[in-house]
Amino acid sequence: MAKSSTTLDWCIVRLGEDHNWWVDEVSDPIRWDVDGLSIVDPRQVDHLIELVEPLRDYGFDQDIMEAAFIAFRIERDLGDGRIRLKRFKDSFFESDEKLFILADTIDEENGPYADLLDHITRCRVKMLNDLFDFEAKLTVDEVEEELREEQNASFIEGKAIHTFEELTGILDYVPAGWDTDEDAAEKSSADEAADDDLPELDEEEEERLKNDESLKWDEDEEEEEEGEDSEEKESDEDEDDAEEDEDELDDEDRPKRRSRGKR
């Protein structure tokens, strides 16, 4: 059966303030509402293809994903962050071109994009149950309910959910308190990269930075002030003690007045 989107030959997209691409105009405005209609850019397409790769061992079907999208190639730059895209009918999985893909959401409940969301959710749940020894098996309903709550929060805030964010929300999903080996490795690599970015300092430079007042935190300054106050207090106490000692010495050295004897 022909896809409902066969008449969609071109579209004009714009770069949003969120650095995602959104649709401004389409060749079929009768069936397509462009209000809040997002489109996945070439960089995001590559990332999604990487994310679904591990799911192949858990039943992922590439054809279901390709059926859920309409691919476009760049036709020309219109300026002011707008691009005109032309329909591309070959596989975006196999193509070397930089392609945009638009989710086929004309039938949001039972269309090919809805089928894709259900498919990758099931594959992700299978993978997580295989990777982790959960006390109780993770279910599709649990994952969908949690993701739906996040989406509802965005709707309440008046935020349109971008297709890329919706898909990565599923493909990156991990229950709270659990990390995949890949997540742990990425976190470790990020920490190591952050440490590697720190320049090595010789002893002279390190000493200079330690004494640089502009690099001190407010807490350090407060501690120094407290230290100075403490030193001043101790100094005042020492001075008071010294004065008392001097008074005692003066009393001892001073000749005592003789008492008058009776005559």
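## A tour from the sheet to the helices

Start by colouring the strands: six of them form an open sheet in the order β3-β2-β1-β5-β4-β6, with antiparallel pairing. The strands at the edges are β3 (38–39) and β6, each of which pairs on one side only. Keep in mind as you look around that this is a predicted model.

**Stop 1: strand β5**

Select residues 82–88, which make up strand β5. Five of these seven residues are buried, so the strand is largely enclosed by the rest of the structure. Now add its neighbours. On one side, strand β1 (residues 10–15) runs antiparallel to β5 and is joined to it by five bridges. To see one of the pairings, pick Ile12, whose bridge partner in β5 is Arg84.

Next, show strand β4 (residues 69–79), which pairs with β5 over seven bridges, again in the antiparallel sense. Here Arg73 is a good residue to click on, as its bridge partner in β5 is Lys86. Follow the chain from β4 into β5 and you pass through a hairpin with two residues between the strands. Stop at Asp80 in this hairpin: its phi is positive, near 55°.

If you have side chains switched on along the sheet, one general point helps with reading them: in a regular strand they alternate between the two faces of the sheet.

**Stop 2: salt bridges**

How many salt bridges does the structure hold? There are nine. Begin with Arg82 and Asp24, whose side chains meet at 3.4 Å, N to O. Arg82 lies in strand β5 and Asp24 in strand β2 (residues 21–26), so this pair ties together parts that are 58 residues apart in sequence. Both ends are partly exposed: Arg82 has a relative accessible area of 25%, and Asp24 has one of 27%.

Move on to Lys98 and Asp46, which form a salt bridge with their closest N and O atoms 3.9 Å apart. This pair links distant parts of the chain, with Lys98 in the loop between β5 and β6 (99–103) and Asp46 in helix α1 (residues 42–52), 52 residues apart. Lys98 counts as exposed at 54% relative accessibility, while Asp46 is partly exposed at 39%. Then select Arg14, Asp24, Glu25 and Arg82 together: salt bridges that share partners join them into one network.

One more pair is worth a look. Asp41 and Arg43 meet in a salt bridge at 3.5 Å, N to O. Is each partner buried or exposed? Asp41 is buried, with a relative accessible area of 4%, whereas Arg43 is exposed, at 55%.

**Stop 3: the nonpolar cores**

Hide the charged side chains and show Phe60, Met65, Phe69, Phe92, Tyr113, Leu116 and Leu167. These have the most contacts inside the largest nonpolar core, which has 39 residues. At least two residues of this core come from each of α1, β4, β6, α3 (112–131), α4 (140–156) and α5 (163–171). Which element supplies the largest share? Helix α3 does, with eight residues.

Zoom in on Tyr113 and display its surroundings. Leaving aside residues up to four places away in sequence, Tyr113 touches Ala68, Phe69, Ala103, Asp104, Thr105, Thr163, Glu166 and Leu167. Elsewhere there is a second, separate core of 15 residues, with Cys11, Trp32, Ile70 and Leu102 among them.

**Stop 4: α3 against α5**

Show these two helices as cartoons. They pack at an angle of about 25°, with their axes 9 Å apart. Angles under 35 degrees count as roughly parallel, and that makes α3 roughly parallel to α5. To paint the contact, select Tyr113, Leu116, Leu117, Ile120, Thr121 and Arg124 on α3, then Thr163, Glu166, Leu167, Ile170 and Leu171 on α5.

**Stop 5: Ile101**

Finish back at the sheet with Ile101, which is found in strand β6. Ile101 counts as buried, at 1% relative accessibility. Draw a distance from its C-alpha to that of Ile39: the two atoms are 6.0 Å apart in space, although the residues are 62 apart in sequence. Ile39 is one of the residues that Ile101 touches, not counting those up to four places away in sequence; the others are Val40, Val45, Phe69, Ile70, Ala71 and Phe92.

Technical notes:
Residues numbered from 1 in each chain as written. Predicted model: local features only at pLDDT ≥ 70, side-chain atom pairs only at ≥ 80, totals over all residues. Heavy atoms only, no water. Buried < 20%, exposed > 50% of the residue type's maximum accessible area, 1.4 Å probe, protein only. Helix = DSSP H or I, 4+ residues; strand = E, 2+ residues; numbered from the N terminus. Pairing = 2+ DSSP bridges. Salt bridge = Lys/Arg side-chain N within 4 Å of Asp/Glu carboxyl O. Core = buried A, V, L, I, M, F, W, Y, C linked by side-chain atoms within 4.5 Å. Contact = heavy atoms within 4.5 Å. Axes fitted to C-alpha atoms, helices over the stretch in contact; angles between N-to-C directions. Parallel < 35°, antiparallel > 145°, perpendicular 65-115°, else oblique.
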